[in-house]
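Reader: I would like to learn how to read a model of this kind, feature by feature. Could we go through one together?

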Amino acid sequence: MRQGLVRQMQDEWQALTASPATGRALTRWAAAYPALVGYADLAALQAATEDRSDKERSDAILGALARLAARDGGDDALAARVLLQLLMAGAVRLAQRITAVTGDPVGAQADVLAELAALIRTYPWRRRPRRIAANLLLDCQQRLSRAARHDRGEVPVGLQPLPDDETDLAASREADERVEVIDLFVWAQTRGVLSAEEALLLAAHRVDEIPVKQLTGRLGRSATGLFALRNNAEARLRDALTHAA
């Protein structure tokens, strides 16, 4: 990803956290939304959303911010910026998955952040008051997959569209599992366990369930060659995971 933009947003976040105006806004928000009570500044709010031991609290915080940020809610631009920052880790992972296929980290980052920013302002908080982070990131993935299909006629691996009802618990669990597997392939590629071609092959075959024989044209190899590539890559991945445990 383009370090300049990431650093710029992080610098902006630090400035917002230290700003007296932000402190006053947080006080004002807390008066209207109980989920935002008790946080001295944005850093404390961020720490609470990153605490995996209390996911309900995190979701309540994000839900309050989503309502504040939505144009048909509080229409608060600062709340929208705060919510975008709190989703940054997920946005980075999504951009990394796209980059692993497209090779364009600058474009991937810009696309993800632009879509998320727009989705935050139009989030249907009345209809979808829970699982805020998952819903926004899944919506972002859906939007980008549709745009890719429209522009290029195919959807990059890792952006295959999900069922329209993203609030369905089973669909959400399936999406979470897909993300975890793709993140594993990205991890393996960044550590030299898998090549970019191998990561693409495994993602297409194991995540998107495309038969190996149907990937010959995309990857420019024979079916026999792809089967051998897959088997060797998976053997190295198992070995890497065994030693990493």
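Reader: To start with a single residue, in which loop does Arg131 lie?

Author: This is a predicted model, and in it Arg131 lies in the loop between α7 (105-121) and α8. The phi of Arg131 is near 50°, a positive value in a residue other than glycine, and Arg131 is partly exposed, with a relative accessible area of 30%.

Reader: Which other loop residue has a positive phi although it is not a glycine?

Author: One of them is Asp75, with a phi of about 50°, and Asp75 lies in the loop between α4 and α5. Asp75 counts as partly exposed because its relative accessibility is 42%, a value in between the 20% and 50% cut-offs.

Reader: Stepping back from single residues, how many helices and how many strands are there in the protein?

Author: The protein has 12 helices and zero strands, so that a reading along the sequence gives α-α-α-α-α-α-α-α-α-α-α-α, elements being DSSP runs numbered from the N terminus. Of its 245 residues, 44% count as buried, and among contacts between residues at least 6 apart in sequence, 59% join residues at least 24 apart.

Reader: How should I read confidence, and where in the protein is it lowest and where highest?

Author: The general idea is that where pLDDT is low, the predicted coordinates should not be read in detail. Here the mean pLDDT of the protein is 83, and 83% of the residues reach 70 or more; by element, confidence is lowest in α9, at a mean of 67, and highest in α5, at 96. Over residues 161-171 pLDDT stays under 50, and for this stretch the model has 22 contacts beyond four places in sequence.

Reader: How is empty space found, and how much of it lies in the largest pocket?

Author: In general, rolling a probe the size of a water molecule over the atoms shows where empty space is left. In this model the largest pocket holds about 1000 Å³ of space, and it is lined by 32 residues, of which Arg52, Arg93, Ala133, Ala134 and Leu137 lie nearest its centre. Two or more lining residues come from each of α3 (42-49), α4 (55-69), α5 (77-86), α6 (88-102), α8 (132-152) and α9 (169-190).

Reader: Which element gives the most to that lining, and what is the make-up of the lining by class?

Author: The most comes from α6, with seven residues. Sorted by class, the lining of the largest pocket has 14 nonpolar, seven polar and 11 charged residues.

Reader: Taking one helix on its own, how far does α10 reach from its first C-alpha to its last?

Author: Helix α10 (residues 196-207) has 12 residues and reaches 16 Å, close to the 16 Å expected at 1.5 Å a residue. Among the residues buried in α10 are Leu201, Leu202, His205 and Val207, and the helix is followed by Glu209, whose phi is positive, near 60°.

Reader: As a last case, is Ala18 buried or exposed, and in which helix does it lie?

Author: Ala18 lies in helix α1 (residues 3-18), and it is exposed because its relative accessible area is 63%, which is over the 50% cut-off. The C-alpha atoms of Ala18 and Asp41 are separated by 8.1 Å, although the two residues are 23 residues apart along the chain.

Definitions and conventions. Residues are numbered from 1 along each chain as its sequence is written. This is a predicted model: local features need pLDDT of at least 70, side-chain atom pairs count only at pLDDT 80 or more; totals for chains, interfaces and linings use all residues. Side-chain values use heavy atoms; hydrogens and water are left out. On a 1 Å grid over the protein atoms alone, a cavity is a set of points where a 1.4 Å probe fits but cannot get out, and a pocket is an open set with protein on both sides within 12 Å along at least five of seven lines; lining residues have an atom within 4 Å of a point. Grid points are joined across faces, edges and corners, and a volume is the space filled by probe spheres set on the points. Helices (H or I, at least four residues) and strands (E, at least two) are DSSP runs, numbered from the N terminus. Ala, Val, Leu, Ile, Met, Phe, Trp, Tyr, Cys and Pro count as nonpolar, Asp, Glu, Lys and Arg as charged, and the others, Gly among them, as polar. The expected span of a helix is 1.5 Å times one less than its number of residues. Buried means under 20% relative accessible area, exposed over 50%, partly exposed in between (1.4 Å probe, protein chains only). pLDDT is the predictor's confidence in each residue, from 0 to 100. Contact means heavy atoms within 4.5 Å.
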